[in-house]
Amino acid sequence: MSKSSRSETKKWESVCTRCGRCCYEKIDFEGRIYYTGLSCEHLDPGTKRCKVYDQRDKQRPGCVRLTPENIKKGFLPADCAYVADIEDYPAPIMPDDED
């Protein structure tokens with residue numbers, strides 16, 4: 001990875017507030033994303049950080065790396081710093097949301 005790429009990655013990842021909520025299982029039902037109460041087995045509940053972060057794609061094939069393109073799909077909580085500036089963001093349904 002080039003120095004420029006590492007710098008961009010570091011800048012992108014600095015947006016994260018380390019809440020850990022993106023590491024919870026989600027269900028897509030009829031085009032809406034619903035969060036479950038089940039976290040990934042690699043999420044450390046104490047630190048709210050991934051225990052295998054650098055190897056997450058290999059350790060858990062379904063893990064989705066956050067990119068400016070895929071965050072628009074509505075799978076991050078509405079108050080996530082990555083989606084704060086996205087107009088009309090289609091936020092997922094969280095377990096504690098009222099119907």
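Is Asp57 buried, partly exposed or exposed? In this predicted model, Asp57 is partly exposed, with a relative accessible area of 34%. The side chain of Asp57 meets that of Arg65 in a salt bridge, with 2.5 Å from N to O. Arg65 also counts as partly exposed, at 35% relative accessibility.

Before turning to further contacts, a word on confidence is helpful. The mean pLDDT of the chain is 91, and 97% of its residues reach 70 or more. Among the parts of the chain, strand β3 (residues 43–44) has the highest confidence, at 97, while the lowest is found in α1, at a mean of 84. Where pLDDT is low, predicted coordinates should not be read in detail.

Salt bridges offer a convenient route through the fold. The count comes to 4 salt bridges. One of them joins the side chains of Asp79 and Arg21, at 2.6 Å from N to O. Asp79 lies in the segment after α2 and Arg21 in the loop between α1 (3–13) and β1, so this pair ties together parts that are 58 residues apart in sequence. The two partners can also be described by their accessibility: Asp79 counts as exposed, at 57%, whereas Arg21 counts as partly exposed, at 26%.

Another salt bridge brings together the side chains of Glu25 and Arg60, with 2.1 Å from N to O. Because Glu25 lies in strand β1 and Arg60 in the segment after α2, the pair ties together parts that are 35 residues apart in sequence. Glu25 is partly exposed, at 29% relative accessibility, and Arg60 is partly exposed as well, with a relative accessible area of 22%. Glu41 joins the picture here, since a network of salt bridges links Glu25, Glu41 and Arg60.

Aromatic rings provide a further link along the chain. A search of the whole structure finds 1 aromatic pair. The pair is formed by Trp12 and Tyr82, and the arrangement is tilted, with 4.6 Å from centre to centre and 40° between the planes. Trp12 lies in helix α1 and Tyr82 in the segment after α2, so the pair ties together parts that are 70 residues apart in sequence. Tyr82 is buried, with a relative accessible area of 10%, while Trp12 is partly exposed, at 23%.

Two contacts between a charge and a ring are also worth a look. In one, Arg56 lies over the face of Tyr53, at 3.8 Å from the ring centre. In the other, the charged end of Lys26 sits over the ring of Tyr35, 5.0 Å from the centre of that ring.

Strand β1 (residues 24–29) leads on to the surface of the model, and Phe29 is found in this strand. Together with Ile27 and Tyr34, Phe29 makes a nonpolar surface patch of about 290 Å². What allows Phe29 to count towards such a patch is its accessibility: Phe29 is partly exposed, with a relative accessible area of 48%, and patches are made of residues with over 30%. Asp28 is another residue of strand β1, and this aspartate is exposed, with a relative accessible area of 54%. Asp28 and Asp96 are 68 residues apart along the chain, and their C-alpha atoms are separated by 17 Å.

The backbone has some points of interest too. Glu30 is in the loop between β1 and β2 (32–39). Although Glu30 is not a glycine, this residue has a positive phi of about 55°. Glu30 is exposed, with a relative accessible area of 71%. A positive phi, near 55°, is also seen at Asp88, again in a residue other than glycine. Asp88 is found in the segment after α2 (56–59), and is exposed, with a relative accessible area of 71%.

The segment after α2 thus recurs in several of these descriptions. This segment holds Asp79, the partner of Arg21, and Arg60, the partner of Glu25. Tyr82, which pairs with Trp12 of helix α1, lies in the segment after α2 as well.

Key:
Residues numbered from 1 in each chain as written. Predicted model: local features only at pLDDT ≥ 70, side-chain atom pairs only at ≥ 80, totals over all residues. Heavy atoms only, no water. Patch = residues over 30% accessible without salt bridge, like charges linked within 9 Å, V, L, I, M, F, W, Y side chains within 5 Å. Areas by Shrake-Rupley, 256 points an atom, 1.4 Å probe, with all protein chains shown as cover. Helix = DSSP H or I, 4+ residues; strand = E, 2+ residues; numbered from the N terminus. Buried < 20%, exposed > 50% of the residue type's maximum accessible area, 1.4 Å probe, protein only. Phe/Tyr/Trp six-rings, centres within 6.5 Å; stacked < 30°, edge-to-face > 60°. Lys NZ or Arg CZ within 6 Å of the ring centre and 35° of its normal. pLDDT = per-residue confidence, 0-100.
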